[in-house]
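Reader: I have a structure open and some questions to put to it. Can we go through it step by step?

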Number of protein chains: 2
Amino acid sequence: MDDIKQSLKVVRLGIDTYKEAVIYIREDSFVCQAEGFEAQARIRVRFEDTHIIATLNTIKSNILKVGYAGLSEHAIELLGVKEGDEIYLSHPEPLLSLRKVRAKIYGNRLSGEDFTEIINDIVAGRLSDIHISSFLTACAGNHLDQEEILGLTKSMIDAGARIAWPSQLIVDKHCVGGLPGNKTSLIVVPIVAAFGLIIPKTSSRAITSAAGTADTMETLAPVDLSFSKMQAVVEKENGCLVWGGSVLLSPADDVLIRVEQALDLDGEGQLVASVLSKKVAAGSNHVVIDIPIGSTAKVRDRESAEIISNYLTKIGKKLGLDVKVVYTDGSQPVGNGIGPALSARDVLAVLQGSKDAPQDLRDRALDLAGHTLEFSERVKSGIGRKMAEKVLSSGRAWHKFQAICEAQGGMRELPKAKFTHTVTANLAGKVQAIDNRRIARVGKLAGAPLAKAAGVDLHVKVDAKVEKKQPLFTVHAESQGELEYALNFVKADGELIQIGE
Amino acid sequence: MDDIKQSLKVVRLGIDTYKEAVIYIREDSFVCQAEGFEAQARIRVRFEDTHIIATLNTIKSNILKVGYAGLSEHAIELLGVKEGDEIYLSHPEPLLSLRKVRAKIYGNRLSGEDFTEIINDIVAGRLSDIHISSFLTACAGNHLDQEEILGLTKSMIDAGARIAWPSQLIVDKHCVGGLPGNKTSLIVVPIVAAFGLIIPKTSSRAITSAAGTADTMETLAPVDLSFSKMQAVVEKENGCLVWGGSVLLSPADDVLIRVEQALDLDGEGQLVASVLSKKVAAGSNHVVIDIPIGSTAKVRDRESAEIISNYLTKIGKKLGLDVKVVYTDGSQPVGNGIGPALSARDVLAVLQGSKDAPQDLRDRALDLAGHTLEFSERVKSGIGRKMAEKVLSSGRAWHKFQAICEAQGGMRELPKAKFTHTVTANLAGKVQAIDNRRIARVGKLAGAPLAKAAGVDLHVKVDAKVEKKQPLFTVHAESQGELEYALNFVKADGELIQIGE
């Protein structure tokens, strides 16, 4: 569609709306007069050869001069503009993808092309958060069948980059998530790589948790590697532990997860497409997927786990992916540390074979490494775990981990928090339950993962006997304000750790 | 939940996000460090005894000083703050209503209490647009049964004010909408009131259309009446034509409609609850509901109309409302003028009995007035339209209309647009179709309803024979920029008026 004649000059207001493109225009401009009545009016914004669709917010003050328009940080990034650049506005074309979303709402099946239409509009920023929320809601509640999940997964893969490795067997390991302190990847990768298999592991940063695997790894080594640097690391060491965001695998997934988190909604179809699209894009062909089951984990019962497992293996197969699902205990956090540096501390203890290493983390990592090793022809079914244990106990995994850190840019010293506060039991008894979601939230409110040393250090686990006033956990923060902000939540929410008779 | 200790001072950035509460906080504050990673992080904001939940946007520039927070216009209004006031932040409690929305997504029935929980959170601004979008999507696609629609309607009524009239028979008239230029209310109300029935009509302003009934009426008289002033007008003249927004009837509806518009989604349950909640809250007990059916109207076919009609009458009955549904032709705009002043011009022509009054508008208004009159014991079934015609032809309706305008604050002169452009036929033939949605959009882009004189004046109707270069419609605007903005849309979208052999 043609631009309107008048251009506007870009002003950087410095407003971060996270991943939503917003344009700020004076209310006395005719664009606002025409569009501004409408909530979430969408405007096409062009700079040179690039255009985006942005949501209109009108400005009633003098933070903008006549002839200027503000853009949110995300819009500036998408358009590649700087202050003073001239942008042109026009009406966005009607979106075919919205019709597809409506078809889904009314119970129709979507084809692969339909999903491609929707996913491409999401990646290009043509759908607003309101539209994405509607799409996710329409697909949740078991409204996608197997064929549709396959179509969704394929369209998510095609929307991003895809890595090809010059090897037959490329293994990977993934956890469906929801368990704070779960950092088995940092132990599994060096075991598997030391054994001799290729495991190019990409991980995400935290979204609502206190630390993603990439955040934890980043306290020990750089994770923000270019694609060619990542290849070099894998070539040299058989494995890597890098941040997936820098290599643009399945970019739609990042947008979808963001809105899902706001809705606190995890559709099974979406979850399956999210996991498989990232793994296929990363170039792996054999994957162990860990599904922790627990009432405060992402997957709450065995029945849901089996539905997801069935989809993962069947759809994975159609995508050339050999998927082995492992159910694990998801009733409480893994290890003691929750938060990047505290998690990394636990990992080092396991790798170095310290006496005080958290046994649950060690066991879990060995199980998963064992299953991964069994993808190799050299490892018979049932003996993977034993082989993994051998690699770990011999120090070869610790050696490999250090080598990977060196290859990624050099090993780092762990930071320590300046401010801590220990929460104690207000009665004697036995620990009945630890709420994964709330304990993760405490870590996050204390500043993790941005503040690397922040988080929660657990002193008890489920079934532990505690005395009155015995320490339950310590909150770590890098500033007094963050510590208080987290403790404010702890205080109001007494049942983080449930103690009973 | 307790506030965190530190307060922030309010700054009015003048950002209008329409009806969404947004708080802008510097990224170097610990609140942003803890929450800002998350998209759509929600913060509880307290001022004195009032609190709201706002969405967090982080600020990376110097438009805010340390210790200050910006609020969107809507948040300022909800909290009742002014610049410099001290606000306190805390974590919002988990929302029970979100659990109810999730239950609906997974196919469960919602109870009346569940809807009350959701609607109350919507009215209080505790749900973000993302959440509301999810709720609307989960309910659309015929996912609400009759009992659920009743529950939703009741909760919407209870969330707002309710008018009681000291009379037995209170009639009303409503159109389900979607037809540009449809302003029959301005003719029906004076006919019915002149006949002697009580008809306290409240109308909405335009949301995505070029003129709501309240916008059209406002070009002829004030519509922004207080509740007591409205009562006085009805007492004196039997009827009124005021804006419903000033009397706070079914406030949830305004929020829901806004998000529905962004989604371009009209769930039947939502539509029924929207209409009935407004009518019951306005205190009427006998209502004629006009459902225009047409491929570009809100209701696209007879089948959908019958589903909606069935719900309206049955659920209406349970709420003490006698509903009579009338199906009308929804294939094209009503009358010639689209936009506030152009619509009002058509209305005056009909009321004054001008020779060039649009016959379709006159017919439609007489039909609806006839049905409304038949609610009276004095009017036998089948003769309502004749009686209505008598009241109109005699000049009594025109007299009554003037009296209502005077009672509402005085009759006004119609404004005229300074800038016009006439679009002509690019081939000879017969008019096959006029796209209601797109022609309304042209009027809106030309500045209507904010610019009262702006809009579209149609020169042809469906089935008219046209010569090449014959005028099809004239776009009216109050500024050159708005005229161009609208014409830019017309140019790109050739098929507004479809001409065939």
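Author: One definition to start. Two strands pair if DSSP finds at least two bridges between them. Keep in mind that this is a predicted model.

Reader: In β5(B), which residue is the bridge partner of A:Asp16?

Author: Begin with the strands. β2(A) pairs with strand β5 of chain B, residues 50–59, over two bridges. The sense is antiparallel. Within that pairing, the partner of A:Asp16 in β5(B) is B:Thr58.

Reader: Which element gives the largest share of the side of chain A that touches chain B?

Author: The contact takes 69 residues from chain A and 70 residues from chain B. Several elements of chain A each supply at least two residues to its side, among them β2 (15–16), β5 (50–59), α10 (251–263) and α18 (480–492). The largest share is eight residues, and it comes from α18(A).

Reader: How many residues on that side of chain A are nonpolar, polar and charged?

Author: Sort the residues of chain A that touch chain B into three classes. The charged class holds 17 and the polar class 23. The nonpolar residues number 29.

Reader: What kind of axis relates chain A to chain B?

Author: Lay chain A on chain B. The RMSD is 0.0 Å, after a turn of 180 degrees and a shift of 0.0 Å along the axis. That relation is a two-fold axis.

Reader: Why do the copies meet through the same surface?

Author: Compare the interface residues of the two chains. Those of chain A are also interface residues in chain B, so the copies meet through the same surface. The share is 100%.

Reader: How is α10(A) oriented relative to α5(B)?

Author: Helix α5 of chain B spans residues 129–139. Its axis and that of α10(A) come within 9 Å and cross at roughly 85 degrees. Angles of 65 to 115 degrees count as roughly perpendicular. That makes α10(A), relative to α5(B), roughly perpendicular.

Reader: Which residues of α5(B) make the contact with α10(A)?

Author: From α10(A) come A:Val259, A:Ala262 and A:Leu263. The residues of this contact divide into four nonpolar, two polar and no charged. On the α5(B) side they are B:Ile130, B:His131 and B:Ser134.

Reader: Now the sheets within chain A. Which strands stand at the edges of the sheet β13-β16-β18-β14?

Author: The sheet is open, with four strands and antiparallel pairing. An edge strand here has a single partner strand, so one side of it is left without a neighbour in the sheet. The edge strands of chain A are β13 (337–338) and β14 (419–424).

Reader: In β18(A), what is the bridge partner of A:Val456?

Author: Strands β16 (455–458) and β18 (471–477) of chain A run antiparallel, joined by four bridges. α17(A) lies across β13, β16 and β18 of chain A, at about 130 degrees to β16(A). The bridge partner of A:Val456 in β18(A) is A:Val475.

Reader: In β17(A), which residue is the bridge partner of A:Lys430?

Author: Another open sheet of chain A has the order β17-β15-β19, with antiparallel pairing. Its edge strands are β17 (465–466) and β19 (497–500). Strand β15 (429–434) and β17(A) pair over two bridges. There the partner of A:Lys430 is A:Lys465.

Reader: Is B:Pro471 exposed, partly exposed or buried?

Author: B:Pro471 sits in strand β18 of chain B. Buried needs 20 or more C-beta neighbours within 10 Å, and exposed needs 12 or fewer. B:Pro471 has 14 inside 10 Å, so it counts as partly exposed.

Methods:
Residues are numbered from 1 along each chain as its sequence is written. Chains are lettered from A and ligands numbered from 1 in the order in which they are written. This is a predicted model: local features need pLDDT of at least 70, side-chain atom pairs count only at pLDDT 80 or more; totals for chains, interfaces and linings use all residues. Two residues are in contact if their C-beta atoms, placed from the backbone, lie within 7 Å. Ala, Val, Leu, Ile, Met, Phe, Trp, Tyr, Cys and Pro count as nonpolar, Asp, Glu, Lys and Arg as charged, and the others, Gly among them, as polar. Copies are superposed by least squares on the C-alpha atoms of residues with pLDDT of at least 70 in both. Axes are lines fitted to C-alpha atoms, for helices over the stretch in contact, and angles run from 0 to 180 degrees between N-to-C directions. Angles under 35 degrees count as roughly parallel, over 145 as roughly antiparallel, 65 to 115 as roughly perpendicular and the rest as oblique.
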